[in-house]
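This report describes a single protein chain and some of its residues. Please look over the sequence and the structure before reading on.

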Amino acid sequence: MIIRGSKLATVVDDDPEMRKLLRAFLGRLSFDVDEAATGRGALALLERRMPSLICLDLMLPELSGYEICEWIRASPHLHDVPVMIVSARGMPED
């Protein structure tokens, strides 16, 4: 069963400091925040709870942010959830 969070954000980043920063920022915007440090951890969270925003790093252990984003866009219950890419990658092709 998927639980819809009215003001829930899911932060997916393998850097604990970045997760802490995003949690603080989103908390000031009144979001509850779920966190995952790996691609598989993100999938587990997203299968249980439906956020209203996903903050996604591209370089993750286990599954990349690209793979997670493709999964989100193919998912009937998540395909229209906004995804904000948060990454150190800065090349145009990224």
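Leaving aside neighbours within four places in sequence, L45 is in contact with T10, D34, E35 and A36, where contact means heavy atoms within 4.5 Å. L45 lies in helix α2. L45 is buried, with a relative accessible area of 12%; buried means under 20% relative accessible area, exposed over 50%, and partly exposed in between, with a 1.4 Å probe and protein chains only. L45 and V12 are 33 residues apart in sequence, and their C-alpha atoms are 9.9 Å apart in space.

The model is predicted: local features need pLDDT of at least 70, side-chain atom pairs count only at pLDDT 80 or more, and totals for chains, interfaces and linings use all residues. Residues are numbered from 1 along each chain as its sequence is written, and side-chain values use heavy atoms, with hydrogens and water left out.

The chain has three helices and six strands. Helices (H or I, at least four residues) and strands (E, at least two) are DSSP runs, numbered from the N terminus. From the N terminus on, their order is β-β-α-β-α-β-β-α-β. Of the 94 residues in the chain, 39% are buried. Among contacts with a separation of 6 or more, 64% are between residues 24 or more positions apart.

Which residues of helix α3 are buried? In this helix, residues 65-74, they are G65, I68 and I72. Seen down the axis of α3, these buried residues fall within an arc of 60°, so they line one face of the helix; the arc is that of the directions from the helix axis to the C-beta atoms. They pack against α2 (39-48), β5 (53-56) and β6 (83-85). The face turned away from the buried side of α3 carries the exposed residues E70 and A74.

Two loop residues have a positive phi, as the table shows.

| Residue | Phi | Loop |
|---|---|---|
| S30 | near 70° | between α1 (16-28) and β3 (32-36) |
| E62 | about 75° | between β5 and α3 |

Most residues other than glycine have a negative phi. Neither S30 nor E62 is a glycine. S30 counts as exposed, at 55% relative accessibility.

The charged end of K7 sits over the ring of F31, 4.8 Å from the ring centre. A charge sits over a ring if NZ of Lys or CZ of Arg is within 6 Å of the ring centre and within 35 degrees of the ring normal.
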